[in-house]
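Got the model open in your viewer? Here is a short tour, one selection at a time.

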Amino acid sequence: MPDTAPVLRGLTDIIDQVIDLAGAEKISLREVLHTIGDASFAPILLLPALAVATPLSGIPLFSTTMGILIFLIAGQMLLRRENLWLPRWIVRREVRGKLVGDGFKKLYPVARWIDARTERRMRVVARRPLVFIPQILCLLSGMIMPILEFVPFTSSIMGVGVAMLALGMLTRDGLLTMIGMIPYAIVGWLIATAAA
């Protein structure tokens with residue numbers, strides 16, 4: 001990937017990049033990653049999380065593919081790899097450009113609202129060692145997304161959680177990262193209550 005990839009400042013920047021690319025009849029993950037660049041794993045992690053939060057999650061096996069992608073990216077973040085590795089069968093997967101463009105356009109109102117309120121706060125939460133927590137949560141989310149494939153659109157909820165964590169890590173906004181942990185805390189509490 002070229003070193004001249006644009007510097008992405010927030011959620012709307014990433015959405016703009018994807019929508020521009022979606023003007024083609026079909027687009028592959030390889031093309032999207034080439035556009036975003038690999039200077040940081042956080043925006044790359046944000047991409048599949050946003051994708052699964054759109055109506056695209058209704059496409060058979062789409063959530064499973066995005067879950068595997070999230071798992072691989074988060075795992076390599078934990079391992080502190082310098083370069084991202086992804087299987088060829090994932091990066092070669094193609095989706096109709098119009099479907100991708102329409103899906104990401106639906107995220108614009110929320111993206112603008114979040115970007116207007118995102119800033120560098122409580123940075124200690126978005127740095128090591130505490131940053132391991134959102135990275136592990138993203139890893140676990142990717143693992144269970146293939147299971148959620150059997151319940152339509154439930155993976156979208158998980159995608160929102162991963163997107164918030166990824167955006168918090170991208171912008172060094174510790175408060176946003178903590179807010180992104182709330183859905184996981186609620187799920188954990190419900191599981192603990194049910195098991196008691």
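Before you start clicking, a word on labels: helices and strands here are DSSP runs, numbered from the N terminus, with a helix needing at least four residues and a strand at least two. Keep in mind too that this is a predicted model.

**Stop 1: the whole chain.** Colour by secondary structure and you should find 10 helices and two strands. Walk along the sequence and they come in the order α-β-α-α-α-α-β-α-α-α-α-α. The chain has 196 residues, and 48% of them count as buried. Look at contacts with a separation of 6 or more, and 75% of them are between residues 24 or more positions apart.

**Stop 2: helix 4.** Select residues 62–78. Is this helix enclosed or not? Of its 17 residues, 14 are buried, so the rest of the structure largely encloses it. Try the distance tool on its end C-alpha atoms: they sit 24 Å apart, which agrees with the 24 Å expected for 17 residues at 1.5 Å a residue. Just after helix 4, click on arginine 80, where phi is positive, at about 60°.

**Stop 3: helix 4 against helix 8.** Now add residues 132–148, which are helix 8. What angle do helix 4 and helix 8 make? Their axes cross at roughly 155° and come within 7 Å. Angles over 145 degrees count as roughly antiparallel, so that is how helix 4 runs relative to helix 8. The crossing is left-handed. To see the contact, show side chains on the helix 4 side for residues including Ile68, Phe71, Ala74 and Leu78, and on the helix 8 side for residues including Phe132, Ile136, Leu139 and Met143. Glycines take part as well, among them Gly67 and Gly75 of helix 4 and Gly142 of helix 8. Sorted by class, this contact has 13 nonpolar residues, six polar and no charged ones.

**Stop 4: helix 8 against helix 9.** Keep helix 8 and select residues 154–171 for helix 9. These two pack at about 160°, with their axes 10 Å apart, which makes helix 8 roughly antiparallel to helix 9. This crossing is left-handed as well. On helix 8, pick out contact residues such as Leu137, Ser141, Ile144 and Leu148; on helix 9, include Met158, Val162, Leu165 and Met169. The contact divides into 10 nonpolar residues, five polar and no charged.

**Last look.** Show Gln135, Cys138 and Met145 of helix 8: they are listed in the contact with helix 4 and in the contact with helix 9.

How values were computed. Residues numbered from 1 in each chain as written. Predicted model: local features only at pLDDT ≥ 70, side-chain atom pairs only at ≥ 80, totals over all residues. Heavy atoms only, no water. Axes fitted to C-alpha atoms, helices over the stretch in contact; angles between N-to-C directions. Parallel < 35°, antiparallel > 145°, perpendicular 65-115°, else oblique. Left-handed = near helix turned anticlockwise from the far one by under 90°. Contact = heavy atoms within 4.5 Å. Nonpolar A, V, L, I, M, F, W, Y, C, P; charged D, E, K, R; others polar. Expected span 1.5 Å × (residues − 1). Buried < 20%, exposed > 50% of the residue type's maximum accessible area, 1.4 Å probe, protein only.
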